[in-house]
Amino acid sequence: PSVPRHTNRLINEKSPYLLQHAHNPVDWFPWSQEAFDKAKKENKLIFLSVGYSTCHWCHVMEEESFKNKEIGEIMNKNFVCIKVDREERPDVDKVYMTFVQATSGGGGWPMSVWLTPDLKPFVGGTYFPPEDGVHRVGFRTVLLRIAEQWKENKDALLENSQKILEALLHRSEIHVRGQESPPPSKEVMATCFQQLSNSYDEDYGGFSESPKFPTPVNLNFLFTYWALHRTTPQGARALQMALHTLKMMAHGGIHDHIGQGFHRYSTDQHWHVPHFEKMLYDQGQLAAMYSRAFQISGDEFFADVAQDILLYVSRDLSDQAGGFYSAEDADSYPTTASGEKREGAFCVWEAEEIRALLPDPVEGATEGTTLGDIFMHHYGVKETGNVSPVKDPRQELKGKNVLIVQSTLQLTAARFGLELGRLGALLWEGRRRLSAARAQRPRPHMDTKMLAAWNGLMISGFAQAGAALAKQEYVSRAVQAAAFLRRHLFDPTSGRLLRSCYRGKDNRVEQSAVPIQGFLEDYAFVIQALFDLYEASLEQGWLEWALQLQHVQDKLFWDPKGFAYFSSEAGDPSLLLRLKDDQDGAEPTANSVTVTNLLRAACYSGHTEWVEKAGQILAAFSERLQKIPITLPEMARATAVFHHTLKQVVICGDPQGEDTKEMLRCVHSVFSPNKMLILADGDSSAFLYRQLPFLASLERKDGKATAYLCSSFACSLPVTSPQELHGMLCS
């Protein structure tokens, strides 16, 4: 590569996204006191640009505007320009996204916001094309107009920004009104089920027409709804909606049939043409959902998809030190000789490419059939490409195919006169050859930043899959990642989590000069992961750490006046608002996850004040939960766990004994959302016996591994057979 003409101070940052902009002709600053001081001293407006390294439209805006020398000069002359990686600083992102959504009715990335020197927003939007078009004002024009306004109407702008801030403060407040108690679980669950049922796509699954997102939070809600209403028609429908959605996604182009894992979302109703980036948080949550689908249905199809996701993450998103990388980009160079990147180039195929790779005649199939014929039929490949021009506005996928399973194995087998086992082997061979060919293509950019929150979601995915599929290697991978968190994303002196670390020179793990402290979501997702990891590994050290982190979370983020937790801690003067998220989206909100975390923490520690806190979170969100629970399906699910009281399944036995292992396998084979597992191994000096004195009174019956179901420190009669235990878990 040629020597870059420009280098700005982002060259000193660790974030892959900020480093992507280090050679723009724009004089970028990171979010820092240095930038704020310059804006105040020179009385300049701030232009804030927020994105992330695998964001397609962020790349487009950089190519068109931030690499343009003239536009760079306008920016440098009139503004102090700040670049933020939203994955590093979700707190900054949320403050200004709240503003953009409130003033423009939409939001997204790249986010472009203009601020006064004291950081108050007054104009914002998302992507701007460089020049004026028929329907849109160009970025150059916007920059010049805003600079002009600042010269001419400074006082009016400042006054306006103050009014906007007050309106935002008022609008974003979530608190308990008067003596509110948690909303009635039955009604919240029923309303949420009804709202999901009304938006459900009967044909293709999912909960919108297009674009279509995986939204694991919806599936998690439906599984819990089913578990609590197993014998009703509504319960059966909830299960059918979740399983059908998971099946259609796995068949779709959103699932990478050659390289494994799932892309971000589908641009169409059929899960066919995706936005091709792959995010760690999707892999973690979907691995858990496919494992749960297997646990409930016993259908190996779902277990295979879970293993496919975990193969992708182990191979492509894993750091040698044990952590998980954040994401893989959508855009890449089609060939080593290409000058420009294209979306999906790494993943799509021309029909003739596939024919050339799979020319072998297939014995026993109908006359003249090649492996290519069978493969192309099964995966919907067309000679002229299978992507509709409507879904390809920039003509990047013309003549290309996104693989999608359009026929069942049975139908494909019948069509070519093959038996099922043989067809499976042929398709496997086809995928293997395409995978080898794809490995020769230039890879998309990898965001090697490692985030505590997303690593937490992925640890949960490995731990839950390990337990449900009885695969010890997945539990071991989760343990390795938790040890990584403890080593690189935790400060033992303060007891606090850190937000991020990075893959640096020589593949060593590096930290920023001033580490970013963990946010609420880092605590919530890591604590959840440690509880999941205890249930899968039965190592009490993870429980002990989880409870310590819960105390720290309470201290840093709890709102004693309005209840629930703030997303960021107090005391950062550069943050205008302390917000509480009120939407379970691609990831659940931290308050939603925390409700269940607190109930689990209380069961493992005997601290009943945590149950009270869980109820106070539900009370703070009560109005939203009763009116539009579909926006908070994970919290709606937690109302049921709160209402039904979490039960402790205690197995008394020797961890190495075959009878104990059999009882544990039984627990792991049943999905019961309002039960959690404790292994009482008889070691009275261990952490759990110190926390829960009642465990000492539980005995092994006739020397055999024995199970008890306990609630509020009172226990059922003991059972010693897995069959009886199974009945108890399903009740």
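User: Leaving aside its neighbours within four places in sequence, which residues is H21 in contact with?

Analyst: This is a predicted model, and in it H21 is in contact with N8, L10, W28, E62, F66 and K83 once the neighbours within four places in sequence are set aside. H21 itself lies in the loop between α1 (16-20) and β1 (28-30).

User: Does H21 count as buried or exposed?

Analyst: Buried is the term for a relative accessible area under 20%, and H21, at 1% relative accessibility, therefore counts as buried.

User: How should I read a pair of aromatic rings, and how are the rings of W114 and F128 arranged?

Analyst: A pair of aromatic rings is described by the distance of the centres and the angle of the planes. Planes over 60 degrees apart count as edge-to-face; the rings of W114 and F128 have their centres 5.9 Å apart and their planes at 70°, so this pair is edge-to-face. The pair links distant parts of the chain, with W114 in strand β4 (residues 111-115) and F128 in the loop between β5 (121-125) and α6 (139-152), 14 residues apart. Both W114 and F128 are buried, and they belong to one aromatic cluster together with W28, F47, F66 and F139.

User: How are the rings of F531 and Y604 arranged, and where in the chain do they lie?

Analyst: Here the centres of F531 and Y604 are 5.6 Å apart and the planes are at 25°, so the pair is stacked. F531 sits in helix α19 (residues 520-537) and Y604 in helix α21 (residues 590-605), 73 residues apart, and the pair thus links distant parts of the chain. F531 is buried, with a relative accessible area of 0%, and Y604 is likewise buried, with a relative accessible area of 0%.

User: Which charged residues lie over the face of W349 and of W558?

Analyst: R441 lies over the face of W349, at 4.0 Å from the ring centre, while K613 lies over the face of W558, at 4.7 Å from the ring centre.

User: How is empty space found, and what lines the second largest pocket?

Analyst: Rolling a probe the size of a water molecule over the atoms shows where empty space is left. The second largest pocket has a volume of about 880 Å³, and of the 28 residues that line it, H255, H257, D308, Y379 and R431 are the closest to its centre. By class, the lining has 11 nonpolar, 12 polar and five charged residues. Helices α10 (233-251), α12 (300-316), α15 (409-416) and α16 (420-438) each supply at least two residues of this lining.

How values were computed. Residues numbered from 1 in each chain as written. Predicted model: local features only at pLDDT ≥ 70, side-chain atom pairs only at ≥ 80, totals over all residues. Heavy atoms only, no water. 1 Å grid on protein atoms, 1.4 Å probe; cavity = no way out; pocket = protein on both sides within 12 Å on 5 of 7 lines; lining within 4 Å. Points joined across faces, edges and corners; volume = space filled by probe spheres on them. Helix = DSSP H or I, 4+ residues; strand = E, 2+ residues; numbered from the N terminus. Nonpolar A, V, L, I, M, F, W, Y, C, P; charged D, E, K, R; others polar. Phe/Tyr/Trp six-rings, centres within 6.5 Å; stacked < 30°, edge-to-face > 60°. Buried < 20%, exposed > 50% of the residue type's maximum accessible area, 1.4 Å probe, protein only. Lys NZ or Arg CZ within 6 Å of the ring centre and 35° of its normal. Contact = heavy atoms within 4.5 Å.
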